[in-house]
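Trainee: I would like to go through a structure with you today. May I ask about it piece by piece?

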Amino acid sequence: PRARVHTEYMDTKNHFNRSFRERLVPLYIEKFYNKGISLVICCDDNAFHFLRNNGEQIFGSIPMVFCGVNYFEEEMIRNHPQFTGVVESFDARSTLEAALALRPETRTIAVVVDKTPTGHSSMRRLSRMIPGYIRNYDFKVFDDVTMKDLLNQVALLDPQSLILLLNFNRDSQGQIFSHEETIQRLSSRSQVPIYGVWDFHMNHGLTGGMITSGRNQGATAARLALKILNGQDPKTIPVVEQSPNQWMFDFEQLTRFG
């Protein structure tokens, strides 16, 4: 309650080129360096990697708590002792197992993911588990398509298919789509259920799955931040690598697909 919170939106979903990021550095130095900031919380992969490269130059050696990072390895912060945080580790395996139990007739799994840094991280993690399913299921990956082509291909999926939506915020032509817009468009064209891993797709056409909750990510990051503000050294606070996920399903979608 005593903390004053300033929120800085980097807007890197719309502008992720190197020159844009480089221009942010002197701007942020002017805004934040030696301004009495006690701690930084960063959300999502882009902000995390930006601060790994530029955080000390901008803020000095103050503590930094990350959340929403999709692909994390301990070596990423080995030389950054001021970092701790919570990993946004989605559980695609649990989601897929539930989907296949609900749809035992499934023969094709269509994966929808984009080419953003978050999309690359998500696909890298999913690729590790695909070999365990490849003997019994065909995988179609829609990752380098326009939104128009994606919707057309989704509409053509046969009844023995299901869709696994990871994230699709930027298509191959660079057009930007919100999370809600993507799932609504997919759901309106799809004749098969869509399963996923993120809470922001819920209530917009996602059937459900083992869901990663942004609220839970934020609450966990806040608890870590409070420990630091109360005097604990971030070096003594281990990264929370077990993402606080939970089962969620949409009754309307379950009813729609029987």
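Mentor: Let us begin with a charged pair. In this predicted model, the side chains of Glu-8 and Lys-31 meet in a salt bridge, with 2.8 Å from N to O.

Trainee: Where along the chain do Glu-8 and Lys-31 sit?

Mentor: Glu-8 belongs to the segment before H1, while Lys-31 is in helix H1. The pair links distant parts of the chain, as the two residues are 23 residues apart.

Trainee: Why can two such side chains pair at all?

Mentor: Side chains of opposite charge can pair when their charged atoms come close.

Trainee: Is Glu-8 buried, partly exposed or exposed?

Mentor: Glu-8 counts as partly exposed because its relative accessibility is 29%, which falls between the cut-offs of 20% and 50%. Lys-31 also counts as partly exposed, at 35% relative accessibility.

Trainee: How many salt bridges does a search of the whole structure find?

Mentor: The search finds 5 salt bridges. One of them joins the side chains of Arg-103 and Glu-105, at 3.5 Å from N to O.

Trainee: And how is Arg-103 classed, buried or exposed?

Mentor: Arg-103 counts as buried, because its relative accessibility of 11% is under 20%. Its partner Glu-105, at 32%, counts as partly exposed.

Trainee: Which residue does Asp-143 meet in a salt bridge?

Mentor: The side chain of Asp-143 meets that of Lys-115, at 3.4 Å from N to O. This pair, too, links distant parts of the chain, 28 residues apart. Asp-143 lies in the loop between S5 and helix H5 (147–155), and Lys-115 lies in the loop between strand S4 (108–113) and helix H4 (117–129). Both count as partly exposed, Asp-143 at 23% relative accessibility and Lys-115 at 39%.

Trainee: Let me change the topic to pockets. How much space lies in the largest pocket?

Mentor: The largest pocket holds about 1800 Å³ of space. It is lined by 50 residues, and the closest to its centre are His-6, Thr-7, Ile-41, Cys-42 and Cys-43.

Trainee: Which element gives the most to that lining?

Mentor: Helix H7 (214–229) gives the most, with 8 residues. Helix H1 (18–32), strand S1 (40–43), helix H2 (44–59) and strand S2 (64–69) are also among those that supply at least two residues each.

Trainee: What sort of residues line the largest pocket?

Mentor: The lining divides into 25 nonpolar, 16 polar and 9 charged residues.

Trainee: What about the second largest pocket?

Mentor: That pocket has about 220 Å³ of space, and its lining includes Phe-16, Arg-21, His-49 and Pro-117. H1 and H2 each supply at least two of its lining residues, and H2 gives the most, with 5. By class, the lining has 4 nonpolar, 4 polar and 3 charged residues.

Trainee: Now the surface. Which residues form a nonpolar patch there?

Mentor: Leu-102, Trp-247, Phe-249 and Leu-254 form the patch, with about 360 Å² of accessible area together. Phe-249 lies in strand S9 (residues 245–249) and is partly exposed, with a relative accessible area of 34%.

Trainee: One last residue, please. Is Phe-142 buried or exposed?

Mentor: Phe-142 counts as buried, because its 7% relative accessibility is under 20%. Phe-142 lies in strand S5 (residues 138–142). Its C-alpha atom is separated by 45 Å from that of Gln-232, 90 residues apart along the chain.

Definitions and conventions
Residues numbered from 1 in each chain as written. Predicted model: local features only at pLDDT ≥ 70, side-chain atom pairs only at ≥ 80, totals over all residues. Heavy atoms only, no water. 1 Å grid on protein atoms, 1.4 Å probe; cavity = no way out; pocket = protein on both sides within 12 Å on 5 of 7 lines; lining within 4 Å. Points joined across faces, edges and corners; volume = space filled by probe spheres on them. Helix = DSSP H or I, 4+ residues; strand = E, 2+ residues; numbered from the N terminus. Nonpolar A, V, L, I, M, F, W, Y, C, P; charged D, E, K, R; others polar. Patch = residues over 30% accessible without salt bridge, like charges linked within 9 Å, V, L, I, M, F, W, Y side chains within 5 Å. Areas by Shrake-Rupley, 256 points an atom, 1.4 Å probe, with all protein chains shown as cover. Salt bridge = Lys/Arg side-chain N within 4 Å of Asp/Glu carboxyl O. Buried < 20%, exposed > 50% of the residue type's maximum accessible area, 1.4 Å probe, protein only.
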